[in-house]
Amino acid sequence: MRKYEVMYIINASLEEEKRVALIENLHGIITNGGGSIVKVDEWGLRDFAYPIEDMTKGYYVVTTFNADNECEKEFDRLMRINSNVVRYMIIKLDEE
């Protein structure tokens, strides 16, 4: 298992219940794939530095998780096709 961190931005126009359900669904992808969530840090609604697809705000979430390579690839694939995820970035953290 490797340690990863993902930062993703959710569409700000999404209702709170749907946003919470989306976050749980995204984290469920990791746990169903055999990974584990270490830490979730919700930064909340923030302004963008520049407009993205006519949006000026987004809801930021940073999640640290442990997963194997296959789980991370599946998570990456599903993040890419989710229309409510504006942007995301997954990085592999150094082993300590």
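**A tour from G58 to the two helices**

Start by selecting G58, which is found in strand β3; helices (H or I, at least four residues) and strands (E, at least two) are DSSP runs, numbered from the N terminus. What you have open is a predicted model, in which local features need pLDDT of at least 70 and side-chain atom pairs count only at pLDDT 80 or more, while totals for chains, interfaces and linings use all residues. Residues are numbered from 1 along each chain as its sequence is written, and side-chain values use heavy atoms, with hydrogens and water left out.

**G58 and A12**

With G58 still selected, note that its relative accessibility is 0%, so G58 counts as buried; the term buried stands for under 20% relative accessible area, exposed for over 50%, and partly exposed for what lies in between (1.4 Å probe, protein chains only). Leaving out residues up to four places away in sequence, G58 touches I9, I10, A12, G44, L45, R46 and F48, where contact means heavy atoms within 4.5 Å. For a residue that lies elsewhere, display K39, which is 19 residues from G58 along the chain and separated from it by 20 Å between C-alpha atoms.

From G58, move to A12, which lies in the loop between β1 and α1. At 28% relative accessibility, A12 counts as partly exposed, and, apart from its neighbours within four places in sequence, A12 is in contact with L45, K57 and G58. The C-alpha atoms of A12 and N25 are separated by 17 Å, the two residues being 13 apart along the chain.

**The loop between β2 and β3**

Next select E53 and D54 together. E53 lies in the loop between β2 (36-52) and β3, and the place of D54 is also in the loop between β2 and β3. Phi of E53 is near 50°, a positive value in a residue other than glycine, and D54 has a positive phi of about 65° although D54 is not a glycine either. E53 counts as exposed at 64% relative accessibility, and D54 is exposed with a relative accessible area of 80%.

**Helix α1 and the turn after it**

Now colour α1, whose 17 residues should span 24 Å at 1.5 Å a residue, which agrees with the 24 Å between its end C-alpha atoms; the expected span of a helix is 1.5 Å times one less than its number of residues. Show the side chains of R19, L22, I23, L26, H27, I29 and I30, which, with G28, are the buried residues of α1. What covers these buried residues includes β1, β2, β3, α2 and β4.

Just after α1, pick G34, which takes a positive phi of about 95° and has its place in the loop between α1 and β2. G34 is partly exposed, with a relative accessible area of 48%. A distance drawn from G34 to C71, C-alpha to C-alpha, reads 7.2 Å, although the two are 37 residues apart in sequence.

**Helix α2**

C71 brings you to helix α2 (residues 69-81), which has 13 residues and reaches 19 Å from its first C-alpha to its last, close to the 18 Å expected at 1.5 Å a residue. Select C71, E72, F75, D76 and M79, which are buried in α2. Look down the axis of α2: its buried residues fall within an arc of 135°, so they line one face of the helix, the arc being that of the directions from the helix axis to the C-beta atoms. The face of α2 turned away from this buried side carries the exposed residues E70, R80 and I81. What covers the buried residues of α2 includes β1 (2-11), α1 (16-32), β3 (55-67) and β4 (85-92).

Within α2, stop at D76, which counts as buried at 18% relative accessibility. Not counting residues up to four places away in sequence, D76 touches Y88 and I90, and the C-alpha atoms of D76 and M89, 13 residues apart in sequence, are 8.9 Å apart in space.

**Where the helices pack**

Finally, show both helices. α1 and α2 pack at an angle of about 155°, with their axes 9 Å apart; axes are lines fitted to C-alpha atoms, for helices over the stretch in contact, and angles run from 0 to 180 degrees between N-to-C directions. α1 and α2 are therefore roughly antiparallel to each other, a term for angles over 145 degrees. The contact is made by L26, I29 and I30 of α1 and C71, F75, L78 and M79 of α2.

Note on methods:
Angles under 35 degrees count as roughly parallel, over 145 as roughly antiparallel, 65 to 115 as roughly perpendicular and the rest as oblique.
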